[in-house]
Amino acid sequence: MCGPAFGIRRIEIGRRKTAFKNCRFTAFQGNFVSTPKVEIYTKMYCGFCHRAKRLLDEKGVEYEEYDITLGGPKRAEMMDRRPGASTVPQIFIDDKAIGGSDDLAALERDGKLDAMLGL
Ligand SMILES: N[C@@H](CCC(=O)N[C@@H](CS)C(=O)NCC(=O)O)C(=O)O
């Protein structure tokens, strides 16, 4: 959850100093606005992963990609965040589990994705 907090991160918005936690900031017309944090767990040679990333790229959204082709701690982290997940990609927006490529596409089809991405 991205929201005001004390002592985490301090940034000036207009004349107001506000602290936020778990937020990403983007400069916009001289001010900073918060943008959702998008994360995607992927594997090499995964068509569904490419499809999900293409949609995010088309929207001009920045995201953190974690390649778990070889397993490792990031795979364990993904399983922690989405217990029972058996496929990649697994996508998170502001720490909320979205699901995979089909789920992302469904949000887009239903006209809900842009708002979730802060667009
Ligand atoms: N419906 C899922 C399908 C995802 C899927 O089948 N991904 C394949 C890779 S492209 C997968 O994870 N297979 C199992 C594995 O690689 O362990 C989605 O839209 O994300």
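Colleague: In what order do the 4 strands of the open sheet come?

Modeller: Keep in mind that this is a predicted model. The pairing in this open sheet is mixed. Its edge strands are strand 7 (64–67) and strand 9 (96–99), each of which pairs on one side only. Reading across, the order is 7-6-8-9.

Colleague: By how many degrees are neighbouring strands of that sheet turned against each other on average?

Modeller: In general, strands of a sheet pair through backbone hydrogen bonds, either parallel or antiparallel. The figure here ignores direction, and for neighbouring strands of this sheet the average is 25°.

Colleague: Let's look at strand 6 and strand 7. How many bridges join them?

Modeller: Strand 6 covers residues 38–42 and runs parallel to strand 7. One of the pairs puts Ile40 opposite Glu65, and another has Glu39 with Glu64 as its bridge partner. The number of bridges joining the two strands is 4.

Colleague: Which helix makes a right-handed β-α-β unit with strand 6 and strand 7?

Modeller: Along the whole chain the pattern reads β-β-β-β-β-β-α-β-α-β-β-α-α, with 4 helices and 9 strands in it. In the right-handed β-α-β unit, strand 6 and strand 7 are joined by helix 1.

Colleague: OK, on to the ligand. Which elements give two or more residues to the shell around it?

Modeller: The ligand is surrounded by Lys43, Cys46, Gly47, Phe48, Thr87, Val88, Pro89, Gly100, Ser101 and Asp102. The elements that give two or more of these residues are helix 1 (47–58) and helix 3 (101–109).

Colleague: And by class, how many residues of that shell are charged?

Modeller: The shell has 4 nonpolar residues and 4 polar ones. Lys43 and Asp102 are among the residues around the ligand. The count for the charged class is 2.

Colleague: Is the peptide bond from Val88 to Pro89 cis or trans?

Modeller: Most peptide bonds are trans, as a general matter. Pro89 sits in the loop between helix 2 (73–81) and strand 8, and both Val88 and Pro89 belong to the shell around the ligand. For the bond between them, omega is near 5°, so to speak plainly, the bond is cis.

Colleague: Is Ile93 buried or exposed?

Modeller: Ile93 belongs to strand 8 (residues 90–93). Beyond its neighbours within four places in sequence, Ile93 contacts Pro36, Val38, Ile98, Met116 and Leu117. Because 20 other C-beta atoms lie within 10 Å, Ile93 is buried.

Colleague: How far apart in space are Ile93 and Glu39, C-alpha to C-alpha?

Modeller: In sequence the two are 54 residues apart. Across the chain, 42% of contacts between residues at least 6 apart in sequence join residues at least 24 apart. For Ile93 and Glu39, the C-alpha to C-alpha distance is 6.5 Å.

Colleague: What is the phi of Asp94?

Modeller: Most residues other than glycine have a negative phi. Asp94 lies in the loop between strand 8 and strand 9, and its phi is positive though it is not a glycine. The value is near 50°.

Colleague: Asp95 is in that loop between strand 8 and strand 9 as well. Is Asp95 buried or exposed?

Modeller: Asp95 has a positive phi too, about 75°. Asp94 counts as buried because it has 20 C-beta neighbours inside 10 Å. Asp95 has 12 other C-beta atoms within 10 Å, so Asp95 is exposed.

Colleague: Last one: what share of the chain's residues count as buried?

Modeller: Ile93 is one of the buried residues, and Asp94 is another. Of the 119 residues of the chain, the buried share is 20%.

How values were computed
Residues numbered from 1 in each chain as written. Predicted model: local features only at pLDDT ≥ 70, side-chain atom pairs only at ≥ 80, totals over all residues. Near = placed C-beta within 6 Å. Nonpolar A, V, L, I, M, F, W, Y, C, P; charged D, E, K, R; others polar. Contact = placed C-beta atoms within 7 Å. Pairing = 2+ DSSP bridges. Axes fitted to C-alpha atoms, helices over the stretch in contact; angles between N-to-C directions. Right-handed = clockwise from strand over helix to strand, strands pointing away.
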